[in-house]
Amino acid sequence: MCGHALHPADRSLRCPAGHDFDVGRGGYVNLRTGRTRRVVGDSAVMVAARESFLGGGHYGPLTARLAQIAHPVPGGPFGPPGRVILDIGAGTGHHLA
Ligand SMILES: [Zn+2]
């Protein structure tokens, strides 16, 4: 929205410009703004189905590749560690974990 970094504050993430995003009960943060902010997320059944599917290893090669990129080997092709990783729209945080 403004490009400033978000920092934890109580049960939300805030930027120096005053943008504020609540941390949901499930631990995720919805970064939507305006009229789209009140979109209903996935149901518990939908999340459980996704966890079951991802837990079955069907996306194992993708998960392994993402982990390789997130934790680059020193001298490898992806540069130094310390970059920010944004897991957006992925639902369960499976790949981030
Ligand atoms: Zn901001």
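Buried means under 20% relative accessible area, exposed means over 50%, and partly exposed lies in between. The exercises below use these classes on a predicted model.

**Exercise 1. The salt bridges of R14**

Task: Find how many salt bridges the whole structure holds, and state which residues R14 pairs with.

Solution.
1. A search of the whole structure gives two salt bridges.
2. R14 pairs with D10, with the closest N and O atoms 3.9 Å apart. The cut-off for a salt bridge is 4 Å, so 3.9 Å falls within it.
3. R14 also pairs with D20, where the closest N and O atoms are 2.6 Å apart.
4. Because they share partners, these salt bridges join D10, R14 and D20 into one network.
5. The accessibility classes follow from the relative areas. R14 has 37% and is partly exposed. D20 has 27% and is partly exposed, whereas D10 has 74% and is exposed.

**Exercise 2. The zinc site**

Task: Name the protein donors of the zinc ion, give their spacing in sequence, and classify each donor residue by accessibility.

Solution.
1. The protein donors are SG of C2, SG of C15 and ND1 of H19, at 2.0 to 2.2 Å from the zinc ion. The donor cut-off for this metal is 2.8 Å, so these atoms qualify.
2. Along the chain the donor residues follow the pattern C-x12-C-x3-H.
3. C2 and H19 link distant parts of the chain, being 17 residues apart. C2 sits in the segment before β1 (7–9), and H19 in the loop between β2 (12–14) and β3 (20–22).
4. C2 has a relative accessibility of 34% and is partly exposed. H19, at 25%, is partly exposed. C15, at 8%, is buried.
5. As a check on the cysteines, the structure holds zero disulfides.

**Exercise 3. The surroundings of S12**

Task: Locate S12, decide whether it is buried or exposed, and list the residues it touches beyond four places in sequence.

Solution.
1. S12 belongs to strand β2.
2. The relative accessible area of S12 is 4%, so this residue is buried.
3. Leaving out residues up to four places away in sequence, S12 touches H7, D20, F21, D22 and V23.
4. One of these contacts can be followed by C-alpha distance: S12 and V23 are eleven residues apart along the chain, and their C-alpha atoms are separated by 5.0 Å.
5. D20, listed here as a contact of S12, is also a salt-bridge partner of R14.

**Exercise 4. Helix α2 and the segment after it**

Task: Place T63 and L86 in the secondary structure, classify both by accessibility, and identify the nonpolar surface patch that contains L86.

Solution.
1. T63 lies in helix α2, which covers residues 60–70. L86 lies in the segment after α2.
2. T63 has 17% relative accessibility and is therefore buried. Not counting residues up to four places away in sequence, T63 touches H94 and H95.
3. L86 has a relative accessible area of 59%, so L86 is exposed.
4. Together with L6, L31 and I88, L86 forms a nonpolar patch on the surface. The accessible area of the four residues together is about 390 Å².
5. Membership of a patch requires over 30% relative accessible area; L86, at 59%, meets that condition.

Key
Residues numbered from 1 in each chain as written. Predicted model: local features only at pLDDT ≥ 70, side-chain atom pairs only at ≥ 80, totals over all residues. Heavy atoms only, no water. Donors = N, O, S within 2.8 Å, 3.2 Å for Na, K, Ca; no water. Helix = DSSP H or I, 4+ residues; strand = E, 2+ residues; numbered from the N terminus. Buried < 20%, exposed > 50% of the residue type's maximum accessible area, 1.4 Å probe, protein only. Contact = heavy atoms within 4.5 Å. Salt bridge = Lys/Arg side-chain N within 4 Å of Asp/Glu carboxyl O. Patch = residues over 30% accessible without salt bridge, like charges linked within 9 Å, V, L, I, M, F, W, Y side chains within 5 Å. Areas by Shrake-Rupley, 256 points an atom, 1.4 Å probe, with all protein chains shown as cover. Disulfide = S-S within 2.5 Å.
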